Amino acid sequence: MTALLESPYEVMAGKILKTRQWTDLEKYFEVELPGRKDLGHEPGQFVMISVPGVGEAPISVSSSPTRKGSFEFVIRKAGGVTGMLHTMKEGDSVGIRGPFGHGFPTQRLEGYDLLMIGGGCGNIPLHSLITFVLDNRSKFGKVDILVGCKTPETVLFAEELKDWAKRPNVRLDLTVDRGGPGWQGKVGLITKLIPGIPTDPQRTCAVVVGPPIMYKFVIQELLKKEIPDDQILVSMERHMKCGVGKCGHCQIAQYYCCREGPVFTFKEIRHFYEAI
Amino acid sequence: MNHYMVLKKKDFNAFIEKLSKKMKVAAPVRKGVKNFAFEEVTRGDAISRVSLPTILPPKKYFMPQRETIQTFDRAVPRWNSVVSENDAIVIFGVHTCDLSGIQFLNAVMGTPPKDANYLARKANITVIGLECNDYCDAYASCKAMKTHLPSGGYDLFFTDIGDAFMVQTGSAAGETLAQETGFFTTADTGEQKKLGNIRKKKEKIFKDEISVKYANLRTVFEKTVQSEVWEDIGSRCVACGNCTNVCPTCYCFDIQDEIDLNLRTGRRVRVWDGCQNEEFAKVAGGENFRRKRGQRQRHRYMRKFAYPMEKYGTYACTGCGRCTRTCMAKISLKETIHALGEEAKS
């Protein structure tokens, strides 16, 4: 019998076009598929990146689908695969599988004021959505962006943040947990920035991406502002191994984060233990 | 069409022998006093027909412990998917609990995006069920899980009726296989009656083994998520992962790369993994979403009695009793359900 089905584990050969070391831990990559084939992702989706002999790791796409031809990642060095990726350079090849999961529901967000809050690594998937929104600026209401990082040295997309802040009807605020020499910006937790933002809760969608501890406190602030729980979107971090809803690693209650997520509404997950 | 045939016991050896000349035949083989394992056989008398479940369920033929899904050569930017097809194989002696396990795995792996590797193996497997006329031991809960009677999932199904096996066909493939061996005859009314008697006797023998009714299981588990029972189980569990390895419906896996000694060529394999292993739900930043053993045990139970109801419309427990039988810490499925059931009442 011949196999009639295509393997869901099929890997495409991607080529690294550009790399840049951004921080001690984060490195930027621009990648293209053979024939500059479109990745076809939504903001907030992830792919599995392969380094042959080392393995595969789930990585968020940081660029917006509005930018065609190639796509981008900002990868934190955290384990075997990401460690090896950090040694790679222009012209090297990496395996790409995906995109997987449900990203941010951009159609649903149309017409809403957006309050986008990113903490640390969470700013990477959020970058995809912010770029998408700014590329389609007329479809969305006012845009508030809150960016939180540990230290001034770990601020991601620093140049772009300056550019975003200049865009019409966009307000951007940046804070670091610990300041440093020469830092003139804000110092303190991101939660402190939320109460001061004027919001019309019924017409606001909040998008939160960050470490688990951030969700706990940020979501409390958003609920205090009376933003409905189905208008609060979160992206959950799990260690997906297969990406196709089988291997079990990313499961949160009955959800496979790689299939039904990684983006959920807070309403969907608020009653599940082990989610945040 | 479902219909009944008969295979005389005196022909059983010849039947297995003939079958094994055409294709691989796997069946339970005795491994010590109370242990049995599915292994390749060529003779009928090598097969153990006792009802006690094998150490590992037949899932190992559908989804081996270790399976290559890709090959690569680091010098070439290309990954080659491997969907390896097993040789045709007949699995004989699959009890009704394990048949329901296979049915569950089929549903999971057949849900899009379909698992090509699993389905390619399944296409070459013929399943011959074997009825348990009596309980295997006190760990089983097949009546409570409604798996003590045949309910699909087989190509042929055998019931021991004394000097012969009553054989029910479940698929055209099963029917053809039986016909080709030439040992099967059409069942007469006397033999039909013997089967009826066995089933009647089973009604008396098999009683609900757990104190919670089938229909209420999901609610009980959903109501007792914060129960101290999980703390207690967690304090006893040694996180060895035996319970998930032996479970007929556990299918979680890891994907790993292996590189050859030339440091150039290698393969990507999928290997069995389980939610009881500490690293299972850990992410790169170090956060572990099920850090405690109690949380991991609760997750295992929820994946049998709550989540699959939502996703696949069925429970994922087959009542085979393997998890309890194999547990070094004596964590008992029946006792756990009983304790949770009592708590849900209050």
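1. In this predicted model, the interface joins 50 residues of chain B to 44 residues of chain A by contact. Chain B and chain A bury about 4,000 Å² between them, and carbon and sulfur atoms account for 56% of that area. On the chain B side, the residues that lose the most area to chain A are Trp79(B), Phe289(B) and Tyr307(B), together 17% of what that side buries.

2. Polar terms across the interface: there are 3 salt bridges between chain B and chain A. One of them pairs Glu56(A) with Arg268(B), with 3.4 Å between the closest N and O atoms. Polar contacts between the two chains involve 22 residue pairs, both residues being at pLDDT 80 or more.

3. The side of chain B that touches chain A draws at least two residues from each of β4 (66-73), β5 (76-81), α3 (96-110), α4 (116-123), β11 (253-259), β12 (265-272), α10 (293-305) and α11 (307-312). By class, the residues on this side are 25 nonpolar, 16 charged and 9 polar.

4. Disulfides: the count over all chains is 0. Cys136(B) is unpaired because its sulfur lies 6.3 Å from the closest cysteine sulfur, that of Cys132(B), whereas a disulfide needs the two sulfur atoms within 2.5 Å. Cys142(B) is likewise in no disulfide, its nearest cysteine sulfur being that of Cys136(B), 6.4 Å away.

5. Accessibility of these two cysteines: Cys136(B) is partly exposed, at 23% relative accessibility. Cys142(B) has a relative accessible area of 10% and is buried, because the cut-off for buried is under 20%.

Technical notes. Residues are numbered from 1 along each chain as its sequence is written. Chains are lettered from A and ligands numbered from 1 in the order in which they are written. This is a predicted model: local features need pLDDT of at least 70, side-chain atom pairs count only at pLDDT 80 or more; totals for chains, interfaces and linings use all residues. Side-chain values use heavy atoms; hydrogens and water are left out. Buried means under 20% relative accessible area, exposed over 50%, partly exposed in between (1.4 Å probe, protein chains only). Contact means heavy atoms within 4.5 Å. Buried area is the accessible area (1.4 Å probe) that two parts lose on being put together, summed over both. A salt bridge is a side-chain nitrogen of Lys or Arg within 4 Å of a carboxyl oxygen of Asp or Glu. A polar contact is a pair of N or O atoms within 3.5 Å; within protein, one must be able to donate a hydrogen and the other to accept it, and residues adjacent in sequence count only if both atoms are side-chain atoms. Helices (H or I, at least four residues) and strands (E, at least two) are DSSP runs, numbered from the N terminus. Ala, Val, Leu, Ile, Met, Phe, Trp, Tyr, Cys and Pro count as nonpolar, Asp, Glu, Lys and Arg as charged, and the others, Gly among them, as polar.
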